[in-house]
Amino acid sequence: MTKLTQELIKGLSSNGKLAKFTSVGCYTLLYTTRNGDYLCADCATESHIYDEFGGLSEDPALYVSTYDEGPVLHCENCGESIEASYGDPESDVDGLADAKAGAA
Ligand SMILES: [Zn+2]
């Protein structure tokens, strides 16, 4: 997990929004708040808007990491699904997980 600095936020943003995926490789980006909740990119973006709403979210996204493997997570704020880049190795539903992992 990487601390989400202002500089990093800038680097990850386009059109003022945080990216859902890495620019290289298109890996899923997962945002984690101080309390350990997961946020989708949109809600992570909103948690960092200071100016228009006059204050920072009480539990802003503080960390970012790629989410490579695991079950589908849900954004704590809006419930959007956050899927791992390689899916869930525990679930055999899609054989894509192995194929993709082998390619990396
Ligand atoms: Zn969300």
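In this predicted model, the largest nonpolar core has 15 residues. Tyr-31, Leu-39, Cys-40, Ala-41 and Ala-44 are the members with the most contacts inside this core. Three elements each give two or more residues to the core: strand β4, helix α2 (41-46) and strand β6. In soluble globular proteins, nonpolar side chains tend to be buried together.

Ala-41 shows what surrounds one of these core residues. Leaving aside residues up to four places away in sequence, Ala-41 touches Lys-17, Leu-18, Ala-19, Lys-20, Leu-29 and Tyr-31. Tyr-31, in this list, is also among the residues with the most contacts inside the core.

The core can be set within the chain as a whole. The protein chain has 104 residues, of which 20% count as buried. The chain holds 3 helices and 8 strands, and from the N terminus on the elements follow the order β-α-β-β-β-β-α-β-β-β-α. Among contacts with a separation of 6 or more, 51% are between residues 24 or more positions apart.

Two of the core elements, β4 and β6, are also part of a sheet. This open sheet consists of 4 strands in the order β1-β6-β4-β5, with antiparallel pairing. Its edge strands are β1 (2-3) and β5 (38-39), each of which pairs on one side only.

Begin at the β1 edge. Strand β1 pairs with β6 (residues 61-66) in the antiparallel sense over 2 bridges, and Thr-2 has Val-64 in β6 as its bridge partner. Next in the order, β6 and β4 run antiparallel and are joined by 5 bridges. Here Leu-30 is bridged to Ser-65 of β6. Strand β4 (residues 29-33) is mostly covered, with 4 of its 5 residues buried. In a regular strand the side chains alternate between the two faces of the sheet.

At the other edge, β4 and β5 pair in the antiparallel sense over 2 bridges, with Tyr-38 in β5 as the bridge partner of Thr-32. These two strands form a hairpin with 4 residues between them. In its turn, Gly-36 has a positive phi of about 90 degrees.

Positive phi values also occur outside that turn. Most residues other than glycine have a negative phi, and most peptide bonds are trans. Which backbone value sets Asn-15 apart, although it is not a glycine? Asn-15 has a positive phi of about 55 degrees. Asn-15 is placed in the loop between β2 (13-14) and β3 (17-18), and it counts as exposed because it has 5 C-beta neighbours inside 10 Å. Cys-26 is not a glycine either, and has a positive phi of about 60 degrees. Its place is in the loop between β3 and β4. Cys-26 has 11 C-beta neighbours inside 10 Å, so it counts as exposed; the cut-off for exposed is 12 or fewer.

Further along the chain, Pro-71 lies in the loop between β6 and β7 (73-74). Why is Pro-71 classed as partly exposed? Pro-71 has 13 other C-beta atoms within 10 Å, and a residue is partly exposed when its count falls between the exposed limit of 12 or fewer and the buried limit of 20 or more. The C-alpha atoms of Pro-71 and Ile-82 are separated by 8.8 Å, while the two residues are 11 residues apart along the chain.

Notes
Residues are numbered from 1 along each chain as its sequence is written. This is a predicted model: local features need pLDDT of at least 70, side-chain atom pairs count only at pLDDT 80 or more; totals for chains, interfaces and linings use all residues. Two strands pair if DSSP finds at least two bridges between them. A nonpolar core is a set of buried Ala, Val, Leu, Ile, Met, Phe, Trp, Tyr and Cys residues joined through C-beta atoms within 7 Å. Two residues are in contact if their C-beta atoms, placed from the backbone, lie within 7 Å.
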